[in-house]
Amino acid sequence: MEASEASIAKAAGWLAAGELVGMPTETVYGLACDALNPTAAAAVFASKGRPSFDPLIVHVASAEDAWRLVGQPHGEPSWARLVDQLSEAFWPGALTMVLPKPAAVPGIVTAGLETVGVRVPLHPVARRLMEALGEQPVVAGRGLPACVAAPSANRFGEVSPSCAEHVQVACAMVLDGGACVTGVESTVVRPMDEGTVSVLRLGGVSVEALGEVVGEAKVRVVGGTHDDEAASQGLASPGTTLKHYAPRTAMRLMGDRAALLAAIKNATGRCGAIGVALHGIEANAIEDLSPTGDLTEAAANLFAAMHRLDEADLDVILAEAVPELGLGRAINDRLRRASR
Ligand code: TXA
Ligand code: MG
């Protein structure tokens with residue numbers, strides 16, 4: 001349903017009643033519920049087919065609301081200073097910060113962890129929805145900010161939705177807020193006591209951008225690199241690594257243009273190609289994520305392109321890795337997981 005004042009008010013009513021709503025954000029569409037309602041959170045896990053050990057991200061309207069939710073720490077620990085620096089630079093936006101879990105957040109939301117992932121989204125419809133939820137009597141009576149838990153609105157392991165039509169999970173309604181401008185999920189970081197920032201998931205805020213704010217030496221990428229190392233050494237065994245973001249069609253990731261061309265030449269059956277600057281490539285279906293090689297543009301187009309290739313009746317999708325710079329790291333991470 002097109003997002004309007006009336007449909008947003010209706011969606012807020014559903015959330016307050018413990019129902020689920022498809023919510024646009026600037027990264028991907030989320031499957032939203034009232035984050036402080038454990039029954040609603042359980043319905044999110046059920047609707048997505050998500051394993052209960054994988055925690056949900058809690059969305060709030062502002063950095064002040066994030067602190068109201070988790071509580072200001074005593075003293076001025078290094079991690080809290082990092083939260084202030086990072087929230088000033090990247091909120092609202094595609095950054096999720098892993099913070100100490102307050103008692104008010106149900107254990108099911110954090111999958112039993114002592115921490116909670118918190119994000120302030122930028123999309124005006126998400127922001128208006130949180131505001132409208134805060135006005136609902138059950139929520140207003142809590143004395144806490146409106147909190148919306150929302151994982152990406154895909155079935156577990158499938159491609160994330162970057163437009164309303166791609167939201168295929170059970171929910172009361174989907175608010176259509178147009179195509180997502182960032183196109184990959186948020187970067188998940190944990191500000192640490194020793195003053196460093198651990199990157200747990202690559203995403204819409206690049207590692208370089210984090211480094212500009214807190215200092216390059218303080219950023220440690222822990223998610224995404226172990227997998228690469230293992231894969232390059234042949235240690236990643238199917239079944240022990242998490243296949244994710246995957247189309248139904250078989251997908252293979254090629255390291256460079258020569259490998260892509262060779263794979264297309266040797267392909268039996270119908271083959272598709274995905275990458276950037278794919279001028280002159282011939283295949284049964286081609287998704288050039290950015291003809292000029294702009295990696296921000298490529299990220300915005302990634303999931304819709306994967307959906308289209310999956311609908312193109314192909315035997316194999318051949319992906320070419322993009323430069324490992326800026327949002328290119330997040331794109332390669334998604335392509336790699338989709339290719340398992
Ligand atoms: O951009 C996004 O982050 C989107 C939109 C809807 O906000 N949401 C999203 O949620 O991608 P999801 O559930 O698909 O991915 C959340 C990621 C998971 O990898 C989860 O393990 C991690 O965040 N996460 C959440 N809470 C965490 C915590 N307390 N500690 C470590 N990782 C956490
Ligand atoms: Mg997801």
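## Ligand 1 and its shell

Ala, Val, Leu, Ile, Met, Phe, Trp, Tyr, Cys and Pro count here as nonpolar, Asp, Glu, Lys and Arg as charged, and the others, Gly among them, as polar. On that basis, the shell around ligand 1 holds 11 nonpolar, seven polar and five charged residues. The model is predicted.

In total, 23 residues surround ligand 1. Those that come nearest are Thr27, Arg50, Asp54, His59 and Ser186.

## Polar contacts

Three side chains place polar atoms by oxygen atoms of ligand 1. For Thr27, the distance from a polar side-chain atom to a ligand oxygen is 2.6 Å. For Arg119, a polar side-chain atom lies 3.1 Å from an oxygen atom of the ligand. In Arg201, an N or O atom of the side chain is 3.0 Å from an oxygen atom of ligand 1.

How much of ligand 1 does the protein cover? On its own, ligand 1 has 670 Å² of accessible area, and the protein covers 88% of that.

## The pocket

Where does ligand 1 sit? It occupies the largest pocket. Three elements each give two or more residues to the ligand shell: strand 3 (57-59), strand 5 (115-119) and strand 9 (197-201). Strand 5 gives the most, with four residues.

The largest pocket contains about 950 Å³ of space. Its lining consists of 43 residues. Arg50, Asp54, Pro55, Val188 and Arg201 lie nearest the pocket centre. Arg50 and Asp54 are also among the residues nearest ligand 1. Arg201 is also the residue with a side-chain N or O atom 3.0 Å from a ligand oxygen.

Which elements supply at least two residues of the lining? They are strand 3, strand 4 (95-100), strand 5, strand 9 and helix 11 (328-338). Strand 5 provides the largest share of the lining, four residues. By class, the lining has 16 nonpolar, 16 polar and 11 charged residues.

## Backbone features

Most residues other than glycine have a negative phi, and most peptide bonds are trans. Two places in this model depart from those patterns.

One is the peptide bond between Trp91 and Pro92, which is cis, with omega about -5°. Pro92 belongs to the loop between helix 4 (78-90) and strand 4. Strand 4 also supplies at least two residues of the pocket lining.

The other is Ala277. Its phi is near 50°, a positive value in a residue other than glycine. Ala277 lies in the loop that runs between strand 12 (271-275) and strand 13 (285-288).

How values were computed. Residues numbered from 1 in each chain as written. Chains lettered and ligands numbered in written order. Predicted model: local features only at pLDDT ≥ 70, side-chain atom pairs only at ≥ 80, totals over all residues. Heavy atoms only, no water. Near = heavy atom within 4 Å. Polar contact = N/O pair within 3.5 Å; in protein donor to acceptor, adjacent residues only side chain to side chain. Areas by Shrake-Rupley, 256 points an atom, 1.4 Å probe, with all protein chains shown as cover. 1 Å grid on protein atoms, 1.4 Å probe; cavity = no way out; pocket = protein on both sides within 12 Å on 5 of 7 lines; lining within 4 Å. Sits in = over half its atoms within 2 Å of the grid points. Points joined across faces, edges and corners; volume = space filled by probe spheres on them.
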